[in-house]
Amino acid sequence: MSEEVKKPMSIKKKWGLLVAMALVFGLIAGGTMYGVNLLGNKIYSPESTDGSNANIPQTSTIQVVNSDEGSTVVEVAKNAMPFVVTISTMSVEEMRSFFGGTMQYEVEGAGTGVIVGKNDSELLIATNNHVVEGANSLSVGFVDQSSVAGEIKGTDVNNDLAVVAVKLSDIPEETLNNIKIATIGDSDDLELGEQVVAIGNALGYGQSVTSGVVSALNRDLSLTDESGVTINSTGLIQTDAAINPGNSGGALLNMKGELIGINEAKTGSSSSGSSVDNIGFAIPIDKAEPSLKEMMNLTTRERVDSSQASYMGIEGQTVSSDVTQLYGIPAGVIVTNVVDGGPADNAGIQAGDVITAFDGRSVLSMDQLKDTLEYYAAGEQVSVTVQRADNGQYREQLLQITLGAAQDAQQSGSAPAETEPAETGSAPAETETESTES
């Protein structure tokens with residue numbers, strides 16, 4: 001993975017560190033870096049019913065499209081540029097000041113995306129979750145240098161994938177004529193030594209092209225962020241095509257110009273601490289396709305106004321990877337307290353439940369759950385997936401919650417205070433972290 005570089009800050013809040021990497025066969029273990037440069041059914045493309053996007057070439061299909069063998073890197077790159085985009089993000093981070101308290105500042109980030117589909121009103125772009133995580137706003141840059149605002153349509157934290165949507169009505173007609181949708185290849189057919197091409201927004205300078213071979217298959221990475229959340233990326237493609245900061249979310253292509261992977265990471269050091277080069281990783285498209293398809297079908301949301309802000313009426317904490325490994329508690333947010341008569345209580349959520357998904361969106365941390373709530377208005381009914389202990393086993397339950405109004409909760413004092421979490425019996429007290437409310 002490529003290391004995240006911030007302007008003005010040096011490390012991004014969520015994905016700046018990446019401390020652990022484990023490879024199948026144990027060949028390499030050491031620091032890993034995300035390929036995102038911080039400067040602060042099928043995958044398908046149904047035809048438009050109103051003709052608004054009929055001029056976008058429909059090349060995306062889950063079957064391998066027959067094409068001429070023996071293409072050069074030049075030809076592959078020329079064909080791919082119209083479906084590879086840059087992604088620029090703005091996020092707000094907090095830093096503790098010298099005199100106590102905290103101060104907020106804006107951080108700009110840059111990554112890459114791949115156009116994988118469209119619907120009647122949106123262009124749909126695949127990228128990594130860590131590229132867009134925590135972004136308050138983002139823009140998408142196309143091959144003709146035009147830039148359009150986008151929205152996060154869906155995220156899959158577990159697989160480090162996300163889908164960004166851009167309104168077709170916001171894209172200039174000239175740009176629509178210059179872009180296209182990627183042709184999907186078959187990553188299961190890859191062989192060691194096969195030549196591949198990687199395209200991405202390296203260092204945030206714009207699209208660049210590198211080429212190499214498939215070095216290994218079915219590699220595993222263990223990635224840990226600052227909050228202690230660990231994500232295990234499995235079955236990855238290893239390549240010696242250079243993956244640099246900003247390449248995250250970009251395209252890994254075979255020599256037929258087909259998308260066979262989403263570039264995710266590179267390694268910078270071995271287990272002994274020595275520097276290494278030319279070891280990058282990509283998520284195979286055959287693994288990514290089911291998740292991308294599901295996210296493409298979600299409703300695109302925008303952050304709601306503060307007057308519509310919602311709350312669940314719980315107090316919870318992130319289940320760290322150590323707790324998961326030691327005690328078998330599922331990854332997610334463990335509920336430590338439920339407000340009597342609040343939305344969560346009425347929905348049947350109980351202390352000790354582990355929230356793993358919210359409205360079909362995976363949840364791995366309390367911060368992520370709170371960020372997700374910013375897109376939902378008070379009064380909306382959504383599904384919440386929880387894991388509940390039952391005779392020593394966790395069993396999944398799907399509950400429906402009607403979100404309450406954050407303003408009403410604050411005025412009535414019904415929202416839980418940020419106090420130390422109550423004992424749940426799920427793990428020893430020393431393994432717990434500070435509780436936060438939602």
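**Strand pairing, an aromatic pair and an internal cavity**

Strands β19 and β20 (residues 393-402) pair in the antiparallel sense over ten bridges. This comes from a predicted model, and it makes a handy place to begin. The two strands form a hairpin with two residues between them, and Asn391, in the turn, has a positive phi of about 55°. Within this pairing, Ala389 stands opposite Tyr394 in β20. Strand β19 is mostly covered, with seven of its ten residues buried.

Strand β19 also has a partner in β17, and these two pair in the antiparallel sense over four bridges. Here the bridge partner of Val354 is Gln387 in β19.

Strand β17 (residues 354-358) leads on to the aromatic side chains, since Phe358 belongs to it. The structure holds one aromatic pair. Its rings, those of Phe358 and Tyr376, have centres 5.1 Å apart and planes at 85°; an angle over 60 degrees counts as edge-to-face, so the pair falls in that class. Distant parts of the chain are linked by this contact: Tyr376 sits in the loop between α7 and β19 (381-390), 18 residues from Phe358. Are the two partners buried or exposed? The cut-off for buried is under 20% relative accessible area. Phe358 has a relative accessible area of 0% and is therefore buried, and Tyr376, at 1%, counts as buried too.

Helix α7 (366-373) returns in the description of the interior space. Alongside α2 (129-132) and β6 (147-156), α7 supplies at least two residues of the lining of the largest cavity. About 310 Å³ of space lies in this cavity. Its lining comprises 21 residues, and those nearest the centre are Ile152, Thr155, Asp371, Thr372 and Tyr375. What is the make-up of the lining by class? There are six nonpolar, seven polar and eight charged residues.

Another covered element is strand β8 (residues 195-200). Five of its six residues are buried, so β8 is largely enclosed by the rest of the structure. Strand β8 pairs with β11 (residues 251-253) in the antiparallel sense over three bridges, and Val197 stands opposite Leu253 in β11.

These details can be set against the whole chain. The protein contains eight helices and 22 strands. Of its 438 residues, 54% count as buried. The exposed surface amounts to about 18300 Å², with carbon and sulfur atoms supplying 47% of it.

Technical notes: Residues are numbered from 1 along each chain as its sequence is written. This is a predicted model: local features need pLDDT of at least 70, side-chain atom pairs count only at pLDDT 80 or more; totals for chains, interfaces and linings use all residues. Side-chain values use heavy atoms; hydrogens and water are left out. Buried means under 20% relative accessible area, exposed over 50%, partly exposed in between (1.4 Å probe, protein chains only). Two strands pair if DSSP finds at least two bridges between them. On a 1 Å grid over the protein atoms alone, a cavity is a set of points where a 1.4 Å probe fits but cannot get out, and a pocket is an open set with protein on both sides within 12 Å along at least five of seven lines; lining residues have an atom within 4 Å of a point. Grid points are joined across faces, edges and corners, and a volume is the space filled by probe spheres set on the points. Ala, Val, Leu, Ile, Met, Phe, Trp, Tyr, Cys and Pro count as nonpolar, Asp, Glu, Lys and Arg as charged, and the others, Gly among them, as polar. Accessible areas come from the Shrake-Rupley method with a 1.4 Å probe; for residues, only the protein chains shown count as cover. Rings of Phe, Tyr and Trp (its six-membered ring) pair if their centres lie within 6.5 Å; planes under 30 degrees apart count as stacked, over 60 as edge-to-face and the rest as tilted.
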